[in-house]
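Me: Could you take a close look at one part of this model with me? I'd like to start from a single pair of charged side chains and then see what surrounds the theme.

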Amino acid sequence: MLDLRLIRNHPDVIRRALARRNEDFPLDELLSADEEWRSHLARVEQLKAKRNEASEAIGRLKREGKDAEEAIVEMRAVAQEISALEARVKELETKIHDLLMVIPNIPHESVPDGASEEDNVEVRRWGTIPEFPNGPKPHWEIAAELGIVDFERAAKVAGARYAFLRGAGARLERALINFMIDLHTQEHGYVEVWPPFIANADSLYGTAQLPKFGEDMFRIEGTDSYLIPTAEVPVTNLHRDEILTADMLPLKYVAYSACFRAEAGAHGRDTRGLIRQHQFNKVELVQFVRPEDSYEALESLVRDAEAVLQRLELPYRVVEICTGDLGFKEAKKYDPEVWMPSYNRYVEISSCSNFEDFQARRANIRFRPAPGAKVEYVHTLNGSGLAVGRTLAAILENYQQPDGSVVIPDALRPYMGMDRIEPPAK
RNA sequence: GGAGGGGUGCCGGAGUGGUUGAACGGAGCGGUCUUGAAAACCGUCGAGGGUUUACGCCCUCCGGGGGUUCGAAUCCCCCCCCCUCCGCCA
């Protein structure tokens, strides 16, 4: 959510932001609703002031045992006028609020202009792309031959876009989760939390999945709760409606969660393998920081995500997302992308964003900069560190061997208890 | 799921229709005292919004939403959450 006063006083700033995003938004409608709201509000408040004054006088008269009937009758009329005007005020407030909920965040000045993902900017590459003389096998073939992923039975049990991991596959998933969390807690200063995997509508408004993206989530029938699409939701909302003290910041959390995505509109994309599932595991990093620190925090957040790829010795690049590809709530975003041999390209495996105060305003997360000072909104950030299923796929593909086995990256061996996944004996 | 109790400011905790935005504590902030600190004492101290060049003025907020009333933290209705006991369950 943007600051209504910023919109009111600097509509040019908003207009430019919308243009950079190539986004249609009825800004003039919002501005005129705001103007009308304020003029009605002024009148209602005048009447209320009058009423308050009269009510106090009535109280005084009654205490003195005098007759107050005349004033009461007069105020009865005023009360009616107030409720009529107030209805209009509320209507306008609802309209303004609804519009504020769907106006996207302002891209940071440093975000490259662009129309689509074609215009995203690669900022760095790391690692060496492996060669496969006989061509790389896709991870779903490798997994099938190793007997570690079962899509068919998952389809029988749950449906399309679910997976059963088995044996070393299941263990690899679990090893990755533990490895990632340990790295972030022990070396990057994050506090581990284990969140609920269900969140209520208030939380989803707070982090801005709602109202615009309800279709992408699984709603629990008969409730206003949803399966979380990412741990970002519960972990950011951990501090909803709170005033933090300055010494708590920066506040850095790492959380494992299963993530659930209905993926409306994704039919036909990445239908094979582990890349796009309705349920997947993710280790998420979430930070609450002072506003002046948030861009520095974004850089270190990306480095924290990259560290996972480096430890696993997976080749990757980092892409800076352009204005046209930037998500609704993001002010700036970097996507680390891992090399996926069978795709012959880099594939998104993390997404690290600074939301500035966009989520903090919605979720009402504030802090007191100094004892006695006025409260301010914090800045929130988050990033995957990393998407576990995609990491597993990347390991299978990048570490595949000519004999059908898959070597386990060194960093993972203590967690796996093996240094190689062997194909079953025939 | 059933029964009972409860949700008040940064925290604790009063307050059941008329100067209560809220007593009293604590924390914080400013000051007196002190070489310094502690203690003591004095003062200050919620959030959001409208309006104003500004000082200020005004409105709203006591879990959320409706209602009654000239007037509601206080009365009525619905909902949510927390606690205790019972049931169920891992």
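In which helix do Arg-38 and Asp-34 lie, and how many residues apart are they?

Reply: Happy to walk through this with you. Please keep in mind that this is a predicted model.

Arg-38 and Asp-34 both belong to helix 3, which covers residues 27–63, and they sit 4 residues apart, about one turn of the helix. An α-helix has 3.6 residues a turn, so residues three or four places apart point the same way. The two side chains form a salt bridge, with 3.4 Å between the closest N and O atoms. The partners differ in how much of them is covered: Asp-34 is buried because its relative accessible area is 2%, under the 20% cut-off. Arg-38, with a relative accessible area of 36%, is partly exposed.

Just ahead of this helix comes a loop. Asn-22 is placed there, between helix 2 (11–21) and helix 3. Asn-22 has a phi near 65°, a positive value in a residue other than glycine. Its relative accessibility is 63%, so Asn-22 counts as exposed.

Moving on along the chain, Glu-74 is part of helix 4, residues 69–102. Together with Asp-67, Glu-69 and Glu-70, Glu-74 makes up a negative surface patch. Glu-74 is partly exposed, at 45% relative accessibility.

Now for the other salt bridges, since your pair has company: the structure holds 29 of them. One of these joins the side chains of Lys-329 and Glu-232, at 2.7 Å from N to O. Lys-329 is in the loop between strand 10 (316–320) and strand 11, while Glu-232 is in helix 9 (residues 232–237), so this pair ties together parts that are 97 residues apart in sequence. Lys-329 and Glu-232 are both buried.

Another salt bridge links Arg-361 to Asp-357, where the closest N and O atoms are 3.1 Å apart. Arg-361 has a relative accessibility of 16% and therefore counts as buried.

There is also a network of salt bridges, which connects Glu-122, Arg-125, Arg-317 and Glu-337. Glu-337 leads us to a strand pair, as it stands opposite Glu-348 in strand 12. Strand 11 (residues 332–340) and strand 12 (residues 345–348) run antiparallel and are joined by 4 bridges. The two strands form a hairpin with 4 residues between them, and in this hairpin Asn-344 takes a positive phi near 55°.

A similar backbone feature turns up at Glu-313, which has a positive phi of about 55° although it is not a glycine. Glu-313 sits in the loop between helix 10 (294–311) and strand 10. At 46% relative accessibility, Glu-313 is partly exposed.

The strands offer one more arrangement to look at. An open sheet of 3 strands is ordered 7-14-15 and has mixed pairing. Strand 7 (242–245) and strand 15 (376–377) are its edge strands, each pairing on one side only. Strand 14 (residues 365–368) and strand 15 run antiparallel, with 2 bridges between them. Phe-367 has Glu-376, in strand 15, as its bridge partner.

Two cis peptide bonds are also worth finding on your screen. One joins Leu-249 and Pro-250, with omega near -5°. Pro-250 is in the loop between strand 7 and strand 8 (251–260). The other is between Leu-210 and Pro-211, where omega is about 5°. Pro-211 lies in the loop between helix 8 (201–206) and strand 6 (225–227).

Finally, let's step back to place helix 3 in the whole chain. Chain A contains 13 helices and 18 strands, and its C-alpha trace spans about 100 × 45 × 40 Å along the principal axes. Of the 426 residues in chain A, 50% are buried. Helix 12 (residues 388–398) is mostly covered, with 11 of its 11 residues buried; among them are Arg-390, Glu-397 and Asn-398.

For a sense of distance, take Trp-37 and Tyr-415: they are 378 residues apart in sequence and 60 Å apart in space, C-alpha to C-alpha. Tyr-415 belongs to helix 13 (residues 413–416) and is partly exposed, with a relative accessible area of 25%.

So, back to your pair: Arg-38 and Asp-34 are 4 residues apart in helix 3, and a salt bridge joins a partly exposed Arg-38 to a buried Asp-34.

Key. Residues numbered from 1 in each chain as written. Chains lettered and ligands numbered in written order. Predicted model: local features only at pLDDT ≥ 70, side-chain atom pairs only at ≥ 80, totals over all residues. Heavy atoms only, no water. Patch = residues over 30% accessible without salt bridge, like charges linked within 9 Å, V, L, I, M, F, W, Y side chains within 5 Å. Areas by Shrake-Rupley, 256 points an atom, 1.4 Å probe, with all protein chains shown as cover. Salt bridge = Lys/Arg side-chain N within 4 Å of Asp/Glu carboxyl O. Lys, Arg positive; Asp, Glu negative; His and termini not counted. Charge placed at Lys NZ, Arg CZ, Asp CG, Glu CD. Buried < 20%, exposed > 50% of the residue type's maximum accessible area, 1.4 Å probe, protein only. Pairing = 2+ DSSP bridges.
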